[in-house]
Amino acid sequence: MTLDLTPDQLLSTTRAVRKRLDLDRPVPRSLIEECVDLATQAPTGRNRQRWHFIVVTDPDRRRLVGDIFRRALATGGGQPPTERDLPRMFAHPGSMERISDGLRHLHDNIHRVPAFVVPAIEGRTEGASVLDQSMTWGSILPAVWSFMLAARARGLGTVWTSAQGPLERELADALQVPYDEVMLAAFIPLAFTLGTEFKPARRIPREQVLHWERW
Ligand SMILES: Cc1cc2nc3c(=O)[nH]c(=O)nc-3n(C[C@H](O)[C@H](O)[C@H](O)COP(=O)(O)O)c2cc1C
């Protein structure tokens, strides 16, 4: 069963869901498998498909991974925007408070989130050229977004977090990922959403981001 959304509605209402995750409803494995099948329709450089998705639903492992998530937030991963981001956020007063509030809720309840999805890609980018970096990141991020769109279409909510960053090696060890060969790309809590109505977000106006013919 998918929600009755047009493609444009799907693209404009797939929000970062933090406080509206249903913490009491398990997510069926089949739905996650469908999302991965759709995610792997995304493009990759040279069609190499170096992607992996590590899904955690087992309660003991969720506790272990949730604990890493919490400590990662404390060390600076998954933090809300900083002073440096403020100029861009003037147009959206209150958005920083909303993110902080949502993050706090996520922090306090992470062990209750029914599933975590950790997308990963073969290869590491430390010290790589910009071209190599773009080939690597560009070969996992479209798939992750497709996963999130597919999830939304199925009544599931996600929030992209970079909490995998600060404690990546520890998280990789906990998930038995070969850290030296594979990079963890994100840490995504996944659950059914409380209600299915989400609105398009206010963004920086088109005139400030769209450049015709030249910068
Ligand atoms: C690369 C990337 C990293 C992000 N990291 C975090 C994070 O660590 N913690 C978090 O709560 N949200 C994180 N987000 C979610 C953003 O805060 C969210 O997409 C943004 O505020 C817009 O929210 P909206 O799509 O609901 O309008 C991240 C998003 C991206 C694309």
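**Exercise 1. Determine which elements supply at least two residues each to the lining of the second largest pocket, and which of them gives the most.**

Solution. In this predicted model, the elements that each supply at least two residues of that lining are helix H2 (29-39) and strand S1. Next, list the lining itself, which consists of Val27, Arg29, Ile32, Glu33, Val36, Phe53, Val55 and Thr57. Helix H2 gives the most to it, with four residues. Finally, the space in this second largest pocket comes to about 170 Å³.

**Exercise 2. Compare the expected span of helix H3 (residues 59-74) with the distance between its end C-alpha atoms, and say what caps its N-terminal end.**

Solution. At 1.5 Å a residue, the 16 residues of H3 should span 22 Å, and because the end C-alpha atoms are 22 Å apart, the expectation and the model agree. At the N-terminal end, the cap is aspartate 58, which places a side-chain oxygen 3.2 Å from the backbone nitrogen of aspartate 60.

**Exercise 3. Work out how the buried residues of H3 are arranged around its axis, and which elements they pack against.**

Solution. Taking buried to mean under 20% relative accessible area, begin with the buried residues of H3, namely Arg62, Val65, Gly66, Ile68, Phe69, Ala72 and Leu73. Viewed down the helix axis, these residues fall within an arc of 160 degrees, and therefore they line one face of H3. The other side of the helix carries Asp60, Arg63 and Ala74, which are exposed. The last step is to identify the partners of the buried residues, which pack against strand S1 (51-56), helix H5 (95-109), strand S2 (115-122) and helix H8 (168-174).

Terms used:
Residues are numbered from 1 along each chain as its sequence is written. This is a predicted model: local features need pLDDT of at least 70, side-chain atom pairs count only at pLDDT 80 or more; totals for chains, interfaces and linings use all residues. Side-chain values use heavy atoms; hydrogens and water are left out. The expected span of a helix is 1.5 Å times one less than its number of residues. Buried means under 20% relative accessible area, exposed over 50%, partly exposed in between (1.4 Å probe, protein chains only). The arc is that of the directions from the helix axis to the C-beta atoms. Contact means heavy atoms within 4.5 Å. A polar contact is a pair of N or O atoms within 3.5 Å; within protein, one must be able to donate a hydrogen and the other to accept it, and residues adjacent in sequence count only if both atoms are side-chain atoms. On a 1 Å grid over the protein atoms alone, a cavity is a set of points where a 1.4 Å probe fits but cannot get out, and a pocket is an open set with protein on both sides within 12 Å along at least five of seven lines; lining residues have an atom within 4 Å of a point. Grid points are joined across faces, edges and corners, and a volume is the space filled by probe spheres set on the points.
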